[in-house]
Amino acid sequence: MKAATGCASGPRADKELAAAAVRQALAAAGLERAERVLLLLSREFARQPTPAILAAASAAGCLQIGGATANGLLTEAGWLLDQPAAVALVLGELPPATADATPLLSFTGRTALPYLWPASPPRAGLLESAAATWNQARPGGPEGVAIALPGLACQMLRAAGLYPLGAAQRVDQCAGYDLRRVAGQTAVESLRRALPADLRAAQPLHRVAVIVADDAPAIGILAANADGSLTLTASLAAGQPLTWAMRQPLAAEQEMRRLLAAVVEPPPAFALMFSCIGRGPLFYGGDDRDLLAFRQRFPGVPLLGAYGSGQIAPTASGNQLFQNTALTLLYRSRHV
């Protein structure tokens, strides 16, 4: 199987950027035409992506063009934010299709997962509000698109980027989205005691989250209230365990490196990475340390990805939407 990526950026959202990204990828793969292309475009293309999609199809010599628009883009060569750009992954000489199910590569422009997606077959991909989506060189429907990659095995790495602040505690009292008491204390006091000493005076609620299970999305904190309660982004139940956690760049990078180090050789044929727009360079202080960790672990492996507001991943309880997560999908032929 041959795979390679290409990237093009410019001052305007011109369809030629998509064609240039595909041509660059074809040249890197040593292909004259592609069997399949994953094309990701910057958000400047969201209102009118069709000309760029057709230009990519013409350059690739195929109609199997799938993808979406996103807030930022990346390849193994680097990342792009706040500028019109296109990135493409071309695939050639694909292995024969098999009956084994690989997670459907899924993109949606909704603000939440489409109604049927949590219970449908396994999905992995990106949610970006108001994004345009496409598959087979055609615009996607109102829910988005699901792209099958038959004949390939997929290994998924999900890095939450959260550093636990102590052991699990028991929820004593809650009402709707308000968490009132935890382990005999008000929720605010419980959190204050869990935080490092230098952060207790001005609690950084935007960096703190609640973990309720290893495979469940973290719950964010919206507000600290005068009665000592915390307003969360999801409701909890009395008796439920919770763990306070914090988003911390060094811990997030270490988690990503641990996950990559545990991957068994041989290296993947190609990979996809879907990260949060609040992670990446904005989180790591000017560079994407997740991308750097991938390059160091798998030098030369083609990588395509994007930054969005939510990452879609399968769990034991169905497909779920995560935030502040880096989702990496490693693809290999099942016949190797």
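With a relative accessible area of 5%, Pro268 counts as buried, a label given to residues under 20%, while exposed means over 50% and partly exposed covers the range in between (1.4 Å probe, protein chains only). The structure is a predicted model in which local features need pLDDT of at least 70 and side-chain atom pairs count only at pLDDT 80 or more, whereas totals for chains, interfaces and linings use all residues. Residues are numbered from 1 along each chain as its sequence is written, and side-chain values use heavy atoms, with hydrogens and water left out.

Pro268 makes a convenient starting point. The residue sits in the loop that links helix 4 (249-261) to strand 21 (270-276); helices (H or I, at least four residues) and strands (E, at least two) are DSSP runs, numbered from the N terminus. Setting aside neighbours within four places in sequence, the contacts of Pro268 (heavy atoms within 4.5 Å) are with Phe298, Val301, Leu330, Tyr331 and Arg332. Gln254, in turn, is 14 residues from Pro268 along the chain, and their C-alpha atoms are 21 Å apart. The loop between helix 4 and strand 21 also holds Pro266, and the peptide bond leading from Glu265 to Pro266 is cis, with omega near 5°. As background, most peptide bonds are trans, and most residues other than glycine have a negative phi.

Turning to the whole protein, six helices and 25 strands are found. The radius of gyration, taken over C-alpha atoms, is compared with a globule rule of 2.2 Å times the number of residues to the power 0.38. The value for the protein is 21 Å, which agrees with the figure near 20 Å expected for a compact globule of 336 residues. Along the principal axes, the C-alpha atoms fill a box of roughly 65 × 40 × 35 Å. Of the 336 residues, 52% are buried. Among contacts with a separation of 6 or more, 77% are between residues 24 or more positions apart.

Helix 2 (residues 50-60) offers a closer look at buried residues: Ala52, Ile53, Ala55, Ala56, Ala57, Ala59 and Ala60 are buried there. Their cover includes helix 1 (15-29), strand 2 (36-42), strand 3 (65-70) and strand 9 (133-135). Gly61 follows helix 2 and has a positive phi, near 70°. On the other side of the helix in sequence, Gln48 belongs to the loop between strand 2 and helix 2, and with a relative accessibility of 61% this residue counts as exposed. The C-alpha atoms of Gln48 and Ala97, 49 residues apart in sequence, are 33 Å apart in space.

Two residues other than glycine also show a positive phi. Gln136, in the loop between strand 9 and strand 10 (138-139), has a phi near 50° and is partly exposed at 42% relative accessible area. Ala183 lies in the loop between strand 15 (178-182) and strand 16 (185-186); its phi is about 50°, and at 41% relative accessibility Ala183 is partly exposed.

Finally, the cysteines were examined for disulfides, defined as pairs of cysteine sulfur atoms within 2.5 Å. The count comes to zero. Cys7 is in no disulfide, and the nearest cysteine sulfur, that of Cys62, is 19 Å away. Cys7 is partly exposed, with a relative accessible area of 26%, and Cys174 is also partly exposed, at 23%.
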